[in-house]
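I opened the model to look up a few things about its helices, its packing and its pockets. My notes follow in the order in which I took them.

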Amino acid sequence: RYHPEGDALYHSLQVFQLAYKNCSDPELWAAALLHDIGKAVSTPNHAQIGANELEGILSPRIVWLIRHHLHLLTAPKRTRRQLRNTPQLHDLELLRKWDLKGRSPLATVITPKDAINILIKHYSSLQPHS
């Protein structure tokens, strides 16, 4: 229903590729790839579910982005007001832009394994900070 381009994985791989192409920040790449991971459990509340599952495994920044990735869709004015002039708003805006662009039914995407391998190379920067 929410992914006319195919399915959530195909969409997430498109979003990951957009992030990977447009920035050099592995945390944003991870958030892009995993932003809809909660849909494996439930579409409603998928952002909260996904964030909860990744808490303690990935950095707080990645978890926060996954938890809040829908806020610019559901409450754009309030979100922009609350986060005005913060790095969090900038990150959310990037993720939202890639999320919207990652909806092509004709896109060619890398395999999930290749995307994970890219992230594994940067795993130390994706872990929770001690």
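**Entry 1: Cys23**

I started at Cys23, which sits in the loop between helix 1 and helix 2. I take helices as DSSP runs of H or I with at least four residues, and strands as runs of E with at least two, numbered from the N terminus. The model is predicted, so local features need pLDDT of at least 70 and side-chain atom pairs count only at pLDDT 80 or more, while totals for chains, interfaces and linings use all residues. Residues are numbered from 1 along each chain as its sequence is written, and side-chain values use heavy atoms, with hydrogens and water left out.

Is Cys23 buried or exposed? Cys23 counts as buried because its relative accessibility is 19%; buried means under 20% relative accessible area, exposed over 50%, and partly exposed in between, with a 1.4 Å probe and protein chains only. I then listed its contacts (heavy atoms within 4.5 Å). Not counting residues up to four places away in sequence, Cys23 touches Leu28, Trp29 and Trp98. I also checked a pair distant in sequence: Cys23 and Leu94 are 71 residues apart along the chain, and their C-alpha atoms are 9.6 Å apart.

**Entry 2: helix 2**

Next I went through helix 2. Nine of its nine residues are buried, so helix 2 is largely enclosed by the rest of the structure. The buried residues are Pro26, Glu27, Leu28, Trp29, Ala30, Ala31, Ala32, Leu33 and Leu34. I asked which helices they pack against. The partners are helix 1, helix 3, helix 4, helix 7, helix 8 and helix 9 (123-126).

Leu33 belongs to helix 2 and is buried, with a relative accessible area of 10%. Setting aside residues up to four places away in sequence, Leu33 touches Ser12, Leu13, Phe16, Ala115, Ile116 and Leu119. The C-alpha atoms of Leu33 and Ala107 are separated by 15 Å, with their positions 74 residues apart along the chain.

**Entry 3: the nonpolar core**

I looked up the largest nonpolar core, a core being a set of buried Ala, Val, Leu, Ile, Met, Phe, Trp, Tyr and Cys residues joined through side-chain atoms within 4.5 Å. The largest one has 31 residues, and those with the most contacts inside it are Phe16, Trp29, Leu33, Ile62, Trp98 and Leu119. At least two residues each come from helix 1, helix 2, helix 3 (46-54), helix 4, helix 7 and helix 8. Helix 2 gives the largest share of this core, seven residues. In soluble globular proteins, nonpolar side chains tend to be buried together.

For Ile62, I left aside neighbours within four places in sequence and found contacts with Glu27, Ala30, Ala31 and Leu126.

**Entry 4: helix 7**

Helix 7 (residues 87-101) has 15 residues and spans 21 Å from its first C-alpha to its last, close to the 21 Å expected. The expected span is 1.5 Å times one less than the number of residues. Its buried residues are Leu89, Asp91, Leu92, Leu94, Leu95, Arg96, Trp98 and Asp99. These pack against helix 1 (8-22), helix 2 (26-34), helix 4 (60-68), helix 5 (71-74) and helix 6 (76-82).

**Entry 5: the second largest pocket**

A pocket here is an open set of points on a 1 Å grid over the protein atoms alone, where a 1.4 Å probe fits, with protein on both sides within 12 Å along at least five of seven lines; lining residues have an atom within 4 Å of a point. Which residues lie nearest the centre of the second largest pocket? They are Leu9, Ser12, Leu33, Leu34 and Ile37, out of 13 lining residues. Helix 1, helix 2 and helix 8 (112-120) each give two or more residues to the lining. Helix 1 provides the largest share, four residues.

Ser12 lies in helix 1 and counts as buried at 5% relative accessibility. Beyond four places in sequence, Ser12 touches Ala32, Leu33, His35 and Asp36.

**Entry 6: positive phi**

Last, I checked the backbone. Most residues other than glycine have a negative phi. Asn45 has a positive phi of about 65° although it is not a glycine. Asn45 lies in the loop between helix 2 and helix 3 and is exposed, with a relative accessible area of 60%. Asn85 has a positive phi near 60°. Asn85 is in the loop between helix 6 and helix 7 and is exposed, at a relative accessible area of 72%.
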